[in-house]
Amino acid sequence: MATDSTTAGPAPAAPGIAPAEPAAATPRRGYGALWASVPRELGFLILTMPIAITGLVVVSTVFFTGVGMIALVVGIFLMIAAFFTARGFGTLELVRLRWAGRPEIRRPQWPRTDGTGGFWRATFSPFVDGHYWLYLLHTLVVNPIVSVFSWTVTIAWVSGALGGLTGWIWQPFIPADDRGFWLNQWILDRIAPGTASLVDPVAGERVLELLLGVMFLLTLPLVFRGLTLMHDGVARGMLGAWRSEALEREVAELSASRGAAVQAEDASLRRLERDIHDGPQQRLVRLQMDLASIERRLDQDPEAARALIAEARDQARETLDELRALSRGFAPPLLQDRGLGSALGALAARSPVTVAFDNGLGADASLPAPIERNAYFIAAELLTNVAKHSAATAARLRVQTRALADGTHWLDLWVTDNGRGGASVAAGHGLAGLDDRVRGLRGVLVVDSPAGGPTVVGAHIPFQPVGAGSGASEPVTPPTV
């Protein structure tokens, strides 16, 4: 028997898998948020020049040595080694920027170097790949120049803030008898001539240094953010993937998704055809033969005809039961009339295994009809697998929607049972077709089924709410589960 739970509160976590992440909170903005990122940005900036100079020394040595020995075979391989070393330093820069809190930069699609395209093609691919030349230029020229500037400004600003704020502590221990120039006196003479003699130069210098230290400290997060953004802009222009590559990846993902969906539908049609051929069709043939026998014996042997009529009635009833069972693979009218939640509740109630149904769909879920229909098919197949193969005595069906901070919406569908486990999405297993269907929807199927159980299967499907508009969008990232 199914139970419908729509109470507020967090959804129960499926065994063995963490619950779906809630929508991320809006990040803090403003001056306080800049100060919160100062430690990470300082760590990024303070290491920038040592890493850049190291990359310059290593890569330039290897690359130009290879250029000088280009007539020899070893020179070519030294240049290839320089390309890959520059790629390593560039990748390190992307990782450091991500660690500093900047949005992730999509990395290039590097050509495969596992030998599948041939040894020579894999070996000499850096010479014809523009990304390798950009990484080399970034390591040899751009990054050292930018890093020296940002590192110098960072040291100057940190020193100005610390020195100005703490100068009144340590400067009295420094002899100043032979000092002939005082900055505070020079400024006073420019602002108000004749007033410099009224101010003690030592005390005035302490106050000026303190004010400068406060100014450096207050502008420190702004300077750090600006320098980090400068590195981020350079990295996005030289180390990131090109837009054409993103479009190619999108086309490849759409082609793969379409192929998976076609394969899933073809497998479903073939299974339905096989089930009809092996079940109702055979019974209908038998029913036709019984009716022919009844027609021949109706006048000569009414008793035998009456017995055959009873058998024909049983055949018709069994055929109708099988057709009803097969029709459950199609979307029921309840799905169109009352939505996915009601249809899944009825599906759980019909299951031979006791199913507890948790309906996390709100009244304004706004699910597109194709998503509802496919989610119903997936749930029906999962509950059928539970009844046929898991030897489970109880199961739980959970469905909910989720909106992420990046604007994407996900439908999460979980089926958990206390059976014997061992479920797999490997080819030839029952979940392989479901995995194709979910991937065809650009979603992800998660299976956690250790030997001995329990089994947890989660289908996560992206969707665009009805009424939110349509159009091309960037490929969505599978959710964390």
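**Exercise 1. Decide whether L218 is buried, partly exposed or exposed, and place this residue in its surroundings.**

Solution. Begin with the relative accessible area of L218, which is 48%. Next, compare this value with the cut-offs: buried means under 20% relative accessible area, exposed means over 50%, and partly exposed lies in between, with a 1.4 Å probe and protein chains only. L218 is therefore partly exposed. The model is a predicted one, in which local features need pLDDT of at least 70 and side-chain atom pairs count only at pLDDT 80 or more, while totals for chains, interfaces and linings use all residues. Residues are numbered from 1 along each chain as its sequence is written, and side-chain values use heavy atoms, with hydrogens and water left out.

As a further step, find the element that holds L218, which is helix α8; helices (H or I, at least four residues) and strands (E, at least two) are DSSP runs, numbered from the N terminus. L218 also belongs to a nonpolar patch on the surface, together with Y31, W35, W168, I169, W170, I174, L210, V214 and L222, and the patch has about 950 Å² of accessible area. Such areas come from the Shrake-Rupley method with a 1.4 Å probe, and for residues only the protein chains shown count as cover. Patches are made of residues with over 30% relative accessible area and no salt bridge, where like charges are joined within 9 Å and nonpolar side chains (Val, Leu, Ile, Met, Phe, Trp, Tyr) within 5 Å.

**Exercise 2. Work out which element gives the largest share of the nonpolar patch.**

Solution. First list the elements that give two or more residues to the patch, namely α1 (31-36), α6 (130-170) and α8 (201-238). The largest share, four residues, comes from α8.

**Exercise 3. Explain what the salt bridge between R225 and E41 ties together.**

Solution. A salt bridge is a side-chain nitrogen of Lys or Arg within 4 Å of a carboxyl oxygen of Asp or Glu, and the side chains of R225 and E41 meet in one at 2.6 Å, N to O. R225 lies in helix α8 and E41 in helix α2 (residues 38-46), so the pair ties together parts that are 184 residues apart in sequence. Finally, look at the cover of each partner: R225 is partly exposed at 22% relative accessible area, whereas E41 counts as buried at 1%.

**Exercise 4. Describe how D232 and R236 are placed in helix α8.**

Solution. The two side chains meet in a salt bridge of 2.8 Å, N to O. Being four residues apart in helix α8, D232 and R236 are separated by about one helical turn. An α-helix has 3.6 residues a turn, so residues three or four places apart point the same way. D232 counts as buried at 7% relative accessibility, while R236 is partly exposed at 35%.

**Exercise 5. Find which strands are linked by the salt bridge of D412 and R402.**

Solution. The side chains of D412 and R402 meet at 2.7 Å, N to O. D412 is in strand β4 (residues 409-417) and R402 in strand β3 (residues 394-403), ten residues apart. D412 counts as buried at 0% relative accessibility, and R402 counts as buried at 6%.
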